[in-house]
Amino acid sequence: MKKRFLTASLAVILTASAVYPVSMQEVRAANETSSQVEVKEESLSAKDFLGLTVTALTFQHGSETMRQQIIDKWVKGEELKDLSVHIKRDEAARILVRALNKEEKETTLAEYQEKANKLGLFNGLSNSETISKQDAVKILNNAKNVKNGVSNEGVKEISVEDFMKNPGSFGYSLSPDGNYLTYSAAWENRSNVFVKKMNDDSEPVRVSSSTDRDIAGSFWKDDNLLYLKDKGGDENFHIYSTSFNGNEEKDLTPYPNVTVGLLSGLQGVKDEILIMMNKEDATVFDVYKLNVKTGETKHVAKNPGNIASWLADRDGNIRIAVASDGVEGTVLYRETEKDEFKPFIEMAAGDEVTPLAFSKDNKHIYATTNKGRDKVEFVKYDLEGKEEVIMSNAEVDVAGVLYSAEQDKLLYGAYLTDKTHYQFFDKDFEELFRKLQTKLGVEESELGINDYNKEMTKFIVSVSSDTVYGKYYYYDSTTDELTELTTLSPWLNPEELAQMHPISYKSRDGLTINGYLTLPKNKDAKNLPLIVNPHGGPWARDMWGFNPEVQLLANRGYAVLQVNFRSSTGYGKEFLEAGNKQWGLKIQDDITDGVQWAIDQGIADPESIGIYGASFGGYATLAGITKTPDLYAAAVDYVGVSNIFTLLDTIPPYWETMRNMFYERVGHPEKDKELLTEASPVFHVDKIKTPLFVAQGANDPRVNQAESDQIVKALRDRGVDVEYMLKENEGHGFQNEENRIEFYNAMLKFLDNHLKK
């Protein structure tokens, strides 16, 4: 593992550094003046040609690691041993055929040369064996024409309803015995729970009857099916039980202003589960045993006021608690529930230790941690706190793992760079995964293992990508039979949807910023109206995959830019902390730099730039039109923050243990008053001249309605017209189908009015 990453690092140092200051200029000049560019006739080295090709044919302009990974796909094995020598025409042909995904059965350089000639890659060039810089500009222009291959007519317009209505049945899972299939599907325009007996011709049975709100999720406890639901988006989730005909629905946690979370299914314990509730104290969660038949609760562990999370061992005993003041913390451990908790692992500011599970013998604890390192790793602790690293990645955090409790072993871990990738720890499971991958004809980043029975012989698997919303399959490994269950939004044709391209660029202060660019299908990537779409959090990240709102915007001719700005998760502690107290400052600069990158590439029309985001993304929208008002011609703020002071004053009570984290990462309302005043858009409405559309849910517990009310009132008091959509039955984002459709119709109309000429 370490050797592999060391080798990759050396390869980056040796090959990826010299090209793009020159190549960026040349490619941009080539875009502007075609063959009239005057460049000295000087033969290119293989290294320089590769760098120039990565810059011209991909959007990886800032990450040396990603550039090298691309080159490694184009140059295999012992090919091009010496990158300092001049690149030959046939060698360039092989690189370009692979770069354009046109490789078929070619094996010799002559065959690659013949394919390149058929594609017209060398049109307009002399017959020189080597390639000059001027030749490279022409070749790469030809290659870009082949790659784009567009008529510039776009695709047919798909309705908002088709993108935003309920996609059909989803969320498939198996009962523990593998005899029943559970999924969610629309009934009365709300997601409800259905059950289907396996290997049976009977019709699925709807077991929930919610008409006011989508079911948030469901799970099995032995032969009992339970589900979670809130009211109007208030995020006070309760656990409900239901009969198998849906006629008898029971709220097992019928406490007002209380939210519930599942802690343990208590395998082997009849009718009881462990839950967390903030019933006794709204600011913290205690642990209870809940009888799923009667609703009776029993207090198991009292929260003294600083416990952020709990972990039960394999026998259902609470033996781990994570105490935190929001910045520093301690993982606490006890031998039995009769003993007092004692310090187990100390966490300094910036440290993260997240206990996930006990081993089968209860003698080890699996966790993810970045303590003493930059990237989050997957580790195993003994009961003395000694650590064994099981999985790490040199470039990014470990994003998740699949641990088999029954087999007591890690099957695989996942990490996210450009896409999701896997590292396997079990040979048999990897063989099963690869077999499924081959059967379905997909990349590993497109395949997901969603659920399985206790014996791990029956599986629910899914396939999704940037252009495929999702397909669910049932796989029986004993018979090797794969059965398709459903396709999400089957009315959407993947051939008419837009590709999502991983990108990278350098921020103005030298950070590597990763993200994604979605370009309209069958349109030239030149001078397009662009929407920059900052993600929420900000301690989250965008990732590659299907996104209905991005696809909707691309379908209407917009390029969509998603930026993993500093403070985004997944890229290590240092990158996340680079965003501390940088709301509206360097975080915003990263977003602005991304827009400028798209303009410099010739992709975005500088006169038709819009910004749209939700939650923190809504804040970034408002910050963008106050900090850089000349950059944006339209802005949409969806449940966004306008006043950091009032945000901090109205966080949900159960976030109280994280208050110091907000002060550390965002700013203290007294100690950092000047900083937060400068960063709060509501105090700078005099700078806003960009047309603005605001949308808000009245029951939002995270970003209160007052956040939107403030900015709308402040602008209207100045005589500025602001569109404002307020939904009384929604919370932090619109979940109800009719509200989603209304919002996106209104947003598109607004954007088209201001960004399309």
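This report walks through some sheets, hairpins and helices of a predicted model.

## A four-stranded sheet with a helix on it

Let's start with an open sheet of 4 strands, in the order β25-β26-β27-β28, with antiparallel pairing. At its edges lie β25 (447–452) and β28 (481–487), each of which pairs on one side only. On average, neighbouring strands in this sheet are turned by 25° against each other, direction ignored. Helix α9 (residues 427–440) packs on the sheet and touches β25, β26, β27 and β28. The direction of α9 makes about 120° with that of β25.

Now look at one pair of strands inside this sheet. Strand β26 (residues 458–463) and strand β27 (residues 471–476) are joined in the antiparallel sense over 6 bridges. If you would like to find a matching pair of residues, try I460, which stands opposite Y474 in β27. When you follow a strand by eye, it helps to know that in a regular strand the side chains alternate between the two faces of the sheet.

## Another four-stranded sheet

Further back in the sequence there is an open sheet of 4 strands with the order β10-β11-β12-β13, again with antiparallel pairing. Here the edge strands are β10 (260–264) and β13 (297–301), and each pairs on one side only. Neighbouring strands of this sheet are turned by 40° against each other on average, direction ignored.

Strand β12 (residues 286–291) pairs with β13 in the antiparallel sense over 4 bridges. Within this pairing, L290 stands opposite T297 in β13.

## A hairpin

Strand β18 (residues 353–358) and strand β19 (residues 364–369) run antiparallel, and 5 bridges join them. One bridge partnership to look for is that of T354 with T368 in β19. The hairpin has 5 residues between its strands, and in it N362 takes a positive phi near 65°.

## A helix with two sides

Which residues of helix α6 are buried? In α6 (residues 109–119), they are Y112, Q113, K115 and A116. These residues lie on the same side of α6, because they cover an arc of only 160° around the axis. A rule of thumb fits in here: an α-helix has 3.6 residues a turn, so residues three or four places apart point the same way.

The buried residues of α6 pack against α5 (89–99). On the other side of α6, A110 and K118 are exposed. Just after the helix comes G120, which takes a positive phi of about 80°.

## Two helices packed together

Two packed helices are described by the angle between their axes and the distance between the axes. For helix α10 (residues 548–555) and helix α18 (residues 737–755), the angle is about 40° and the axes are 12 Å apart. The crossing of α10 past α18 is right-handed.

What meets what at this contact? From α10 come E549, L552 and L553, and from α18 come Y744, M747, L748 and L751. The residues of this contact divide into 6 nonpolar, no polar and 1 charged.

## A buried glycine

Finally, find G617, which sits in helix α13 (residues 616–627). Is G617 buried or exposed? G617 counts as buried because its relative accessibility is 0%. Leaving aside neighbours within four places in sequence, G617 is in contact with P534, H535 and G536. By contrast, G617 and E406 are 41 Å apart in space, C-alpha to C-alpha, and 211 residues apart in sequence.

Note on methods:
Residues are numbered from 1 along each chain as its sequence is written. This is a predicted model: local features need pLDDT of at least 70, side-chain atom pairs count only at pLDDT 80 or more; totals for chains, interfaces and linings use all residues. Side-chain values use heavy atoms; hydrogens and water are left out. Two strands pair if DSSP finds at least two bridges between them. Helices (H or I, at least four residues) and strands (E, at least two) are DSSP runs, numbered from the N terminus. Axes are lines fitted to C-alpha atoms, for helices over the stretch in contact, and angles run from 0 to 180 degrees between N-to-C directions. Contact means heavy atoms within 4.5 Å. Buried means under 20% relative accessible area, exposed over 50%, partly exposed in between (1.4 Å probe, protein chains only). The arc is that of the directions from the helix axis to the C-beta atoms. A crossing is left-handed if the near helix is turned anticlockwise from the far one by less than a right angle, and right-handed if clockwise. Ala, Val, Leu, Ile, Met, Phe, Trp, Tyr, Cys and Pro count as nonpolar, Asp, Glu, Lys and Arg as charged, and the others, Gly among them, as polar.
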